[in-house]
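Student: I would like to learn how to read a structure like this one. Could you take me through it feature by feature?

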Amino acid sequence: MLGPVSTTVRRAQATLDELWAQTEVETRAYTGNIVALTVRKHLARVQEALAGLEGRYAGRQIIGVMDGGGDLKVEASLVPQPGGLHVERLTLDTDPEQLQGAILPLLRPATVNHVWWGADSKPSGTLLSELTEIADQVIADSLTLDIPPARHYALADLGWSRSAGWREALAQMFDSPDAAQQLPQVKELTVRYSGKNDLPARLYAGFIADCLGWHDLRGLTLKAGRCGRENGDLCGVELRGEGVRFALSAEASGDVALAEAEWEGRVRRSEINVPPMSLTAGLARVMARPERGEVFERAWELAKGTL
C-alpha cells in the first residue's frame, strides 16, 4: 500500500496525486464514492471489507472514524488491487461534528455516492442524515438506524442481503405442492443466529411472517447459536405447527444446510447449499444490485414491531 500519508482536507487531492505519480499509472477509473462511518473498534474490519471490493463500485473510499477527539486527522493512501489497480482511500479521524464538514469536499463529483453505516451503535447528531441528502444508496443494518426505507435513495440492508441464500433455501423446501399445502398449519417460528447481532434474524423472520400472511411476530423465538459463521449471520430456522415441522440448520457443514420436513408422520431430509456470505461479498452484492422492494419493506415493518 502506498501511504498512509498525513494530509488535510484541502491538500487531500494533491496528496493523492503525489501517490498516483509513484505508481506510473496513466489512466485512473473513478467508479464512485463510498463513505464508511465507523468507530475505532470496527476500523480494521471495515478496512478489510473495503479492500476486498477491488474498486469495482467505488474507486474512492472515505472512512470516517467517529470516536476520535481533538483536531481532525486525515490520512491518504492508495490500496493495491489485483491486476495492478489501486483504490484511493482517505481516512478521517475526529468527532462526528467535524466529520460532517470534512467529508463533503472529498467526494468525487458526478459519480454514485454510497454511504455505509459501519458501526453497531445508533447514530446521534446530524452526520448521517446530512450524508443521506447526497447519497444514492445508504448501506446499513437498517433496524439499527431506525430509519424506514426512503424514496430519494436506495436503502440497502446488509443483513437482508446476506440472508438471500437462506430465503432461497427456505423457498426450495416448499417447491413441492404437498409441502406448500402445509404452510397454513405453521404457527410458531424459531430463528437462530451467530454472535450477538440479532437484527438480520429479525428481518429474516419478518420475511417468513409476510410469506405466511402473519400480521405480527408474536410466534417468533430468537436464539443465539454456534455455527461458525460471522456475527449476525443466520444459523438455522424452524417452522412448527400441529403435526408439521420444517427446519434448516447450517451446523451440518460450512456451506450446506440440513433441511428437514415432517408432516403426516413422514420425514424428508435433504441438503441445500447455503454458503456463508462475507462482509465484503455482502457489500458487493448490495452495491451491484440494491434490494429495496415491497417484500423488504413489509419484512422491515414486521421486524421493527419486535424491537
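**Reading the model step by step**

Tutor: Gladly! Let's start with a polar contact: 3.4 Å joins the side chains of R108 and Q13. Keep in mind that this is a predicted model.

Student: Where does R108 lie along the chain?

Tutor: R108 sits in the loop between α3 (96-103) and β6 (113-117).

Student: Is R108 buried or exposed?

Tutor: The general idea is to compare the relative accessible area with a cut-off: buried means under 20%. R108 has 19%, so R108 is buried.

Student: Which residues is R108 in contact with, leaving aside its neighbours within four places in sequence?

Tutor: The list is Q13, Y30, N33, R60 and E88. You have met Q13 already, as the partner in the polar contact.

Student: Let me try another residue. Where is the place of D95?

Tutor: D95 is in the loop between β5 (85-93) and α3. Its side chain is a good example of a side chain reaching the backbone: the backbone nitrogen of E97 is reached at 3.1 Å, and the backbone nitrogen of Q98 at 3.0 Å.

Student: What does D95 touch, not counting residues up to four places away in sequence?

Tutor: D95 touches M66, G68 and G70. For a sense of scale, take A257, which is 162 residues from D95 along the chain: the C-alpha atoms of the two are separated by 43 Å.

Student: Can we do the same for a residue in a strand?

Tutor: Try Q81, which belongs to strand β4 (residues 73-81). Its relative accessible area is 8%, so Q81 counts as buried. A polar atom of the Q81 side chain lies 3.4 Å from the backbone oxygen of A51. Leaving aside neighbours within four places in sequence, Q81 is in contact with A51, E54 and V87.

Student: Now for aromatic rings. How is a pair of them described?

Tutor: A pair of aromatic rings is described by two values, the distance of the centres and the angle of the planes. In this model the count comes to 5 aromatic pairs. One of them is W160 with F207, an edge-to-face pair with 6.0 Å centre to centre and 75° between the planes. This pair links distant parts of the chain, with W160 in helix α6 and F207 in helix α9, 47 residues apart. Both residues are buried.

Student: Which aromatic pair do W160 and F296 form?

Tutor: That pair is tilted, with 5.4 Å from centre to centre and 55° between the planes. W160 is in helix α6 and F296 in helix α11 (residues 294-304), so the pair ties together parts 136 residues apart in sequence. The relative accessible area of W160 is 4%, so W160 is buried. F296 counts as buried too, at 2% relative accessibility.

Student: Which residues form one aromatic cluster?

Tutor: W160, Y204, F207 and F296 do.

Student: Last topic: how much space lies in the largest pocket?

Tutor: About 660 Å³. Of the 31 residues lining the largest pocket, R45, D141, R162, N197 and N231 are the closest to its centre. The elements that give two or more residues to the lining are α2 (43-51), β6, α6 (158-162), α7 (164-173) and α9 (199-212). α6 gives the most, with 3 residues.

Student: How many nonpolar, polar and charged residues does the lining have?

Tutor: By class, the lining of the largest pocket has 15 nonpolar, 9 polar and 7 charged residues.

Methods
Residues numbered from 1 in each chain as written. Predicted model: local features only at pLDDT ≥ 70, side-chain atom pairs only at ≥ 80, totals over all residues. Heavy atoms only, no water. Helix = DSSP H or I, 4+ residues; strand = E, 2+ residues; numbered from the N terminus. Buried < 20%, exposed > 50% of the residue type's maximum accessible area, 1.4 Å probe, protein only. Polar contact = N/O pair within 3.5 Å; in protein donor to acceptor, adjacent residues only side chain to side chain. Contact = heavy atoms within 4.5 Å. 1 Å grid on protein atoms, 1.4 Å probe; cavity = no way out; pocket = protein on both sides within 12 Å on 5 of 7 lines; lining within 4 Å. Points joined across faces, edges and corners; volume = space filled by probe spheres on them. Nonpolar A, V, L, I, M, F, W, Y, C, P; charged D, E, K, R; others polar. Phe/Tyr/Trp six-rings, centres within 6.5 Å; stacked < 30°, edge-to-face > 60°.
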